[in-house]
Amino acid sequence: MTTTKFELVRNPFGRLVLTTAEGDMHEGVAAVRAFPVQAPEDGIALVSGDGKEVAWIDRIEDLPKEIGDLVREELAGREFMPEISRIVDVSGFATPCTWKVETDRGATEFVLRGEEDIRRLTVDTLLISDIHGIHYLIRDVRELDKHGKKILDRFL
């Protein structure tokens, strides 16, 4: 169902309520990204509580500002994928090892279980999973400093 003709509001309980152009109401909808890494602002499904798609958003920027803000807010509340901007240090080059990194959400440490937990999504984009299943994104390896690139080369 492809549509951008709908109303979206938050009810008093904080749940999103979608009303279609036909007047159908869907309470408790959730926003889900189709391409969270490559195109985070494009291809958003709004799904009902039972997982059925009730609306499709081609591009968030095409929505009215109020609705776009609600969708972004909902996505931010559901997703947690810090972007690594700098690799400060690793405890060793044998796994498991502890990585000290700086992210868009602050400095942190995580344990890398094995080299297989570093996945290449594109030539320059990596997804790293820690021992607890949290995913860290390196959007562009080329933007890391020399020290960070050297550490990554040891694991790739």
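Modeller: Before we start, buried here means under 20% relative accessible area, and exposed means over 50%. Also keep in mind that this is a predicted model.

Biologist: Fine. Is G148 buried or exposed?

Modeller: G148 sits in helix α2, residues 146-155. Its relative accessibility comes out at 0%. The cut-off is under 20%, so G148 counts as buried.

Biologist: Which residue, 47 places from G148 along the chain, has its C-alpha atom 9.4 Å from that of G148?

Modeller: Look at I87 to get your bearings: leaving aside neighbours within four places in sequence, I87 is in contact with G148 and also with V101, W99 and L152, among others. As for the C-alpha atoms, the 9.4 Å separation is between G148 and V101.

Biologist: How many residues make up the largest nonpolar core, and what supplies them?

Modeller: Those with the most contacts inside this core are I84, I87, W99, I128, I138, L152 and F155. Strands β6, β7, β8, β10 and β11 and helix α2 each supply at least two of its residues. There's a second, separate core of 17 residues too, which includes L16, L18, L70 and L75. The largest one has 18 residues.

Biologist: L18 is in strand β2, right? Which residue is its bridge partner in β1, and which stands opposite in β3?

Modeller: Yes, L18 is in β2. β1 and β2 run antiparallel, joined by five bridges, and β2 pairs with β3 in the antiparallel sense over four bridges. On the β1 side the partner of L18 is L8, and on the β3 side the residue opposite is H26.

Biologist: Why is β2 said to be largely enclosed?

Modeller: Strand β2 covers residues 16-20. It is largely enclosed by the rest of the structure because the buried residues in this five-residue strand number four.

Biologist: Which turn residues have a positive phi in the two hairpins?

Modeller: The β1-β2 hairpin has five residues between its strands, and G14 in the turn has a phi of about 85°. In the β2-β3 hairpin four residues lie between the strands, and phi is about 95° for the turn residue. So to name them, citing each hairpin: G14 and G23.

Biologist: Last one. How many charged residues line the largest pocket?

Modeller: That pocket holds about 310 Å³ of space. Its lining has 14 residues, and R33, P36, E79, M81 and R105 are the closest to its centre. By class, eight are nonpolar, none polar, and the charged ones number six.

Notes: Residues numbered from 1 in each chain as written. Predicted model: local features only at pLDDT ≥ 70, side-chain atom pairs only at ≥ 80, totals over all residues. Heavy atoms only, no water. Buried < 20%, exposed > 50% of the residue type's maximum accessible area, 1.4 Å probe, protein only. Core = buried A, V, L, I, M, F, W, Y, C linked by side-chain atoms within 4.5 Å. Contact = heavy atoms within 4.5 Å. 1 Å grid on protein atoms, 1.4 Å probe; cavity = no way out; pocket = protein on both sides within 12 Å on 5 of 7 lines; lining within 4 Å. Points joined across faces, edges and corners; volume = space filled by probe spheres on them. Nonpolar A, V, L, I, M, F, W, Y, C, P; charged D, E, K, R; others polar. Pairing = 2+ DSSP bridges.
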